[in-house]
Amino acid sequence: MNDLDNFYFKHSEEINGCLQAMKKIILAYDPDVTHEWKYGMPFFCYKKKMFCYLWIHKVSAQPYIGFVEGKHLAHALLIQEKRTRMKIMRFDPTKDLPIKTIQAILKQALHLYKSGTIKIKN
């Protein structure tokens with residue numbers, strides 16, 4: 001099993017299920033999104049440019065999606081905490097994911113790359 005697969009399966013069944021569902025939502029959102037292992041964590045890239053990642057919050061132990069260019073995103077469920085660039089959205093693994101909200105934030109995040117606000121090297 002590679003590091004990327006191992007990340008998901010090393011967590012409890014509840015957290016693993018939540019992370020796997022988030023992965024599926026992200027990958028289904030746009031065909032140019034890829035799933036990669038970078039900096040010891042699962043990242044999602046748009047045309048090779050990192051745009052979000054999955055991780056577990058140190059304090060709450062909840063899974064979350066982090067948006068690399070979160071400082072450009074405005075949504076009530078995004079939290080900046082002490083980060084300067086990124087924002088996160090935490091999830092309770094015992095509850096259903098807010099799929100439409102996740103998709104709305106993904107749309108906003110990917111628009112940064114598609115519009116040229118965040119430059120992509122060709």
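Here is a short walk through a predicted model, starting with its sheet and ending at one loop residue.

Let's begin with the sheet, which is open and built from five strands. Their order is S1-S2-S3-S4-S5, and they pair in the antiparallel sense. Strand S1 (33-38) and strand S5 (87-90) each have a single partner strand, so they stand at the edges with one side left without a neighbour in the sheet. From one strand to the next, the twist averages 25 degrees.

For a closer look at one pairing, find strand S2 (residues 41-46) and strand S3 (residues 49-56), which are joined in antiparallel fashion over four bridges. If you pick out Cys 45, you will find its bridge partner in S3, namely Met 50.

Now add the helices. Helix H2 (residues 13-29) packs on the sheet and touches S1, S2, S3 and strand S4 (63-67). The direction of H2 makes about 165 degrees with that of S3. Helix H3 (residues 99-114) also packs on the sheet, with S1, S2, S3, S4 and S5 as the strands it touches. For H3, the angle with the direction of S3 is about 150 degrees.

Finally, follow the chain into the loop between S4 and S5, where Gln 80 has its place. What does Gln 80 touch beyond its neighbours within four places in sequence? Its contacts there are Lys 71, Arg 85, Met 86 and Lys 87. A polar atom of the Gln 80 side chain also lies 3.1 Å from the backbone oxygen of Thr 84. With a relative accessible area of 28%, Gln 80 counts as partly exposed, because that value falls between the 20% limit for buried and the 50% limit for exposed.

Conventions:
Residues numbered from 1 in each chain as written. Predicted model: local features only at pLDDT ≥ 70, side-chain atom pairs only at ≥ 80, totals over all residues. Heavy atoms only, no water. Pairing = 2+ DSSP bridges. Helix = DSSP H or I, 4+ residues; strand = E, 2+ residues; numbered from the N terminus. Axes fitted to C-alpha atoms, helices over the stretch in contact; angles between N-to-C directions. Contact = heavy atoms within 4.5 Å. Buried < 20%, exposed > 50% of the residue type's maximum accessible area, 1.4 Å probe, protein only. Polar contact = N/O pair within 3.5 Å; in protein donor to acceptor, adjacent residues only side chain to side chain.
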